[in-house]
Amino acid sequence: MGLPSHARVVIIGGGIVGCSVAYHLAKRGCTDVLLLERRQLTCGTTWHAAGLVGQLRATHNLTRLAQYTTQLYEGLERETGQATGFRQVGSIAVAASKARFEELRRGASMARCFGLEVQLLSPGEARERWPLLSIEDVVGAVYLPKDGRTNPVDTTQALARGARNAGVRIAENVKVTAIRSAHGRVTGVATEQGEVRADAVVNCAGMWGREVGALAGVSVPLHAAEHFYIVTEPIAGLSPDLPILRDADACSYFKEDTGKLLVGWFEPRAKPWAENGIPADSAFEQLPADLAHIEPLFAGAMRRVPVLESTGVQVFFNGPESFTPDDRYLLGEAPELRGFYVAAGFNSIGIQSAGGAGKVLADWIVDGHAPSDLWDVDIRRCAPFQRNRRYLRDRTVEALGLLYAMHWPFRQPETARGVRKSVLHDRLAAAGACFGEVAGFERANWFGAPGSAPHYEYSYGRQNWFEFSAAEHRAVRERVGLFDQSSFAKFVLKGRDAAAVLGRMCANDIDVPVGGIVYTQWLNERGGIEADLTVTREAHDSYLMVSSCATQTRDFDFLCRAIPAGAAAAAVDVSSAYAVLGLMGPESRALLATLTDADLSTAAFPFGTSQIIDLGYARVRASRITYVGELGYELYVPAEFAQSVYDVLVSAGKSFGLQLAGYHALNSLRMEKAYRHWGHDIGEEDTPLEAGLQFAVAWNKPGGFVGLEALLAQREAGARRRLVAIALNDVDRLLYHNEPIWRNGVLVGKISSGMFGHTIGTALGLGYLANGGAPVSVEWIAAGNYEVEVAAERVPARVSLRPFYDPASERVKR
Ligand SMILES: Cc1cc2nc3c(=O)[nH]c(=O)nc-3n(C[C@H](O)[C@H](O)[C@H](O)COP(=O)(O)OP(=O)(O)OC[C@H]3O[C@@H](n4cnc5c(N)ncnc54)[C@H](O)[C@@H]3O)c2cc1C
């Protein structure tokens, strides 16, 4: 078939993901679609997948997508006439340690909260369902009856057939060699067989995704790794309905496969593959079996399933799959190029993710926005440096194994560290900082003893840093603490139209006098919160915006998109230009006063304002604002001045009991004040009314703002869910996220973020409550008896619409 000269959407890659995107575009009525595959459908990674289709993911929305995949595969054969091999056999995960069982039980609570069927099993019950299991060291197990398995090749062909039946064109043996664009928008592709113009192009090129992205100047951080399984000789009596078995402690999974067992692994040290680029002729790739590599893994699998000791192996399989730095796939429109979408980097769960990912990406392309909060997998979470090959190769060594490793709270990656550092990094390290990483940025999470080399000792209980962090927290509440917050994202919008452009974006009124700071959200048309930031008016025609490190790419992209063509306003990302020091606590003013002649009195320098002041020998922007709920200043210091400013602060701070403090203390402090965190407590599906942020909405400002109509409608109808602060009555239990919230014995919500509050003295959380679709009133909230489910046990809790600490914010404003 000759290629058409134009298609509305061109999809690059005919693996299961590309075929699913094509299928779902057709379902949405978008049939002018051309899928280009350089060789044959499924020839990349898809053909050799084991075909496990699990449903429980780390977040509600990703679980919903995986659930949808299962439903889709279940009906695909009926719809298309193409067999898929899908079978809903269920899955069992066994725990060989108490900690692992806690992880499984926390997962079971989460599953319940997400509406998945789940059962806790005793070791004996697990063996009843999986007779070949050795349970000597098994502490417990979890059973998910709706999990399944499928044949990846047949399922892909079924999706392709469904797409073709609806009018999608699929061309094999056509390689895309270039991406065409003009004025920041994609315009088409070049292939070995000619040019095709397109309104949208979708990169579903699997492990080639980084290279295809590079053709368009788009960063797609993924790297291939070798991935191993074996298939045994036939084993007598194996039922085709045997559930999938996972033993994460032995890095192993087990699946019945036509009377044999398929046993695969997620080993702690993986083997990155093709670091100089995927070979051009690679198709149906099978890599050499590395017996030395899998031997210790095999030994672990044999301990769990002893019949393997006496069973021969028919197939030693080793095939490549792509992994991302954080083990989450990459989805959505690329910030670098309009109309260029990505669905790649599936971290060994591409078969079970393809249905849901294909559906939401099709919606995204057709509707112009994501259909739900997909932040966990949104490609805009990535920092541009993350396409660096060496970084990806080194991280991949660890990334594969992390899928089955303990998912400890606060767990930090160990590979490819030290990439992005604050200019104060070495000083903090010498002072005993233990660093965590966000988008490659090293940030002090807590401080051990000066000169020590502190490290994490993980558990589900109080970890080894608990008391260190508690001391930092108390210092901020009682004296003064110093945080290095240099990782903040910082943007400047400058120009004659800056106030008008930003005024339209911000729900709050930013047309304030020079030096004013405004806390605000950027909303979408549906009233959902796209970004949470502070805006400081630096000059009549210039604004400084500050948001978080994790959202730097996303927020800057959002800002740039919002500037209308022809507007006299230019946006610049100045994140790297400034260090930020948070000087926080009741003594912060007195300490700062020893280093500046500026008048720091509340009359001259009230809360919510910002001034450029002398500090030591430098000039810095001091902003009276806080994320911890105390009197305090964020100091914006040009990077080359940061060390001298830090030194004078630390030196002068001695007589005030200044304490260096890290992000764990910051989190504890903000939780007591119920300050929201974008990405956890607020996101694009939550409105300011639901999130309790109506105080930051300027309902009547001239010209309105994006999202106002949706908010007005919601205000009229009453919010159906509301964010509350929650405190556990049992001070020994800890909250992290996604724990179910029960009201009078009915499931009404889940924890969006949790942390121990050292001043309140118990674990705190934030979470949305829903009243079965009816408006959530203050009376309804007050009338409930609450419990939070922690690791499958319900713990009584109290709930409040106001923060537990200083609800009137008197300490902040004094
Ligand atoms: C051993 C192993 C076991 C696995 N087990 C499971 C499992 O049990 N469950 C599960 O969910 N997942 C599993 N996976 C992962 C799963 O196989 C992948 O995540 C999934 O197949 C990825 O699909 P894809 O469509 O993104 O990529 P691919 O299948 O690799 O498709 C990408 C396609 O793009 C094409 N392409 C590349 N460049 C171009 C170009 N320039 N022009 C045109 N076409 C191009 C390629 O030829 C290829 O066909 C496993 C993986 C491995 C290796």
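Trainee: In which sense do strand S4 and strand S6 pair, parallel or antiparallel?
Mentor: The model is a predicted one. Strand S4 spans residues 91-95 and strand S6 spans residues 140-144. They are joined over 5 bridges, and the sense of the pairing is antiparallel.

Trainee: Which residue in S6 is the bridge partner of Ile92?
Mentor: S4 and S6 are paired strands, with S4 made of residues 91-95. Across the pairing, in S6, the bridge partner of Ile92 is Tyr143.

Trainee: Why is one side of S5 and one side of S16 left without a neighbour in the sheet?
Mentor: The sheet is open and has 8 strands with mixed pairing, in the order S5-S6-S4-S13-S14-S15-S12-S16. Strand S5 (119-121) and S16 stand at the edges of this sheet. One side of each lacks a neighbour because each has a single partner strand.

Trainee: What angle does the direction of helix H7 make with that of S15?
Mentor: Helix H7, residues 291-304, packs on the open sheet. Among the strands that H7 touches are S4, S12 and S16, along with strand S15 (260-265). Between the directions of H7 and S15 the angle is about 120 degrees.

Trainee: At what angle to S12 does helix H9 run?
Mentor: Helix H9 is made of residues 389-402. The helix lies across S12, S15 and S16. Its angle to S12 is about 30 degrees.

Trainee: Which residue in the turn between S17 and S18 has a positive phi?
Mentor: Strand S17 (residues 330-333) and strand S18 (residues 340-344) run antiparallel and are joined by 4 bridges. One bridge pairs Glu333 with Tyr341 in S18. The two strands form a hairpin with 6 residues between them, and the residue with a positive phi of about 80 degrees is Gly339.

Trainee: Which residue in S36 stands opposite Ile726?
Mentor: In the order S33-S36-S35-S34-S37-S38, 6 strands close into a barrel with antiparallel pairing. The twist there averages 40 degrees from one strand to the next. Strand S33 (residues 721-728) pairs with strand S36 (residues 762-770) over 7 bridges. Opposite Ile726, in S36, stands Gly765.

Trainee: At what angle to S35 does helix H3 run?
Mentor: Helix H3, residues 98-113, lies across strand S34 (740-743), strand S35 (746-757), strand S37 (786-790) and strand S38 (793-800). With respect to S35, the helix runs at about 135 degrees.

Trainee: How many charged residues does the shell around the ligand have?
Mentor: There are 37 residues around the ligand, and Glu37, Thr46, Leu52, Glu321 and Gln352 come nearest. Helix H1 (16-27), strand S12 (223-232), strand S16 (313-323) and helix H8 (350-367) each supply at least two residues of the shell. By class, the shell has 19 nonpolar and 14 polar residues, and the number of charged residues is 4.

Trainee: What percentage of the accessible area of the ligand does the protein cover?
Mentor: A polar side-chain atom of Thr46 lies 2.5 Å from an oxygen atom of the ligand. Backbone N or O atoms also come to ligand oxygen atoms, that of Gly51 at 3.0 Å and that of Gln352 at 2.8 Å. Of the 1,000 Å² of accessible area that the ligand has on its own, the protein covers 98%.

Key: Residues numbered from 1 in each chain as written. Predicted model: local features only at pLDDT ≥ 70, side-chain atom pairs only at ≥ 80, totals over all residues. Heavy atoms only, no water. Near = heavy atom within 4 Å. Polar contact = N/O pair within 3.5 Å; in protein donor to acceptor, adjacent residues only side chain to side chain. Areas by Shrake-Rupley, 256 points an atom, 1.4 Å probe, with all protein chains shown as cover. Nonpolar A, V, L, I, M, F, W, Y, C, P; charged D, E, K, R; others polar. Pairing = 2+ DSSP bridges. Contact = heavy atoms within 4.5 Å. Axes fitted to C-alpha atoms, helices over the stretch in contact; angles between N-to-C directions.
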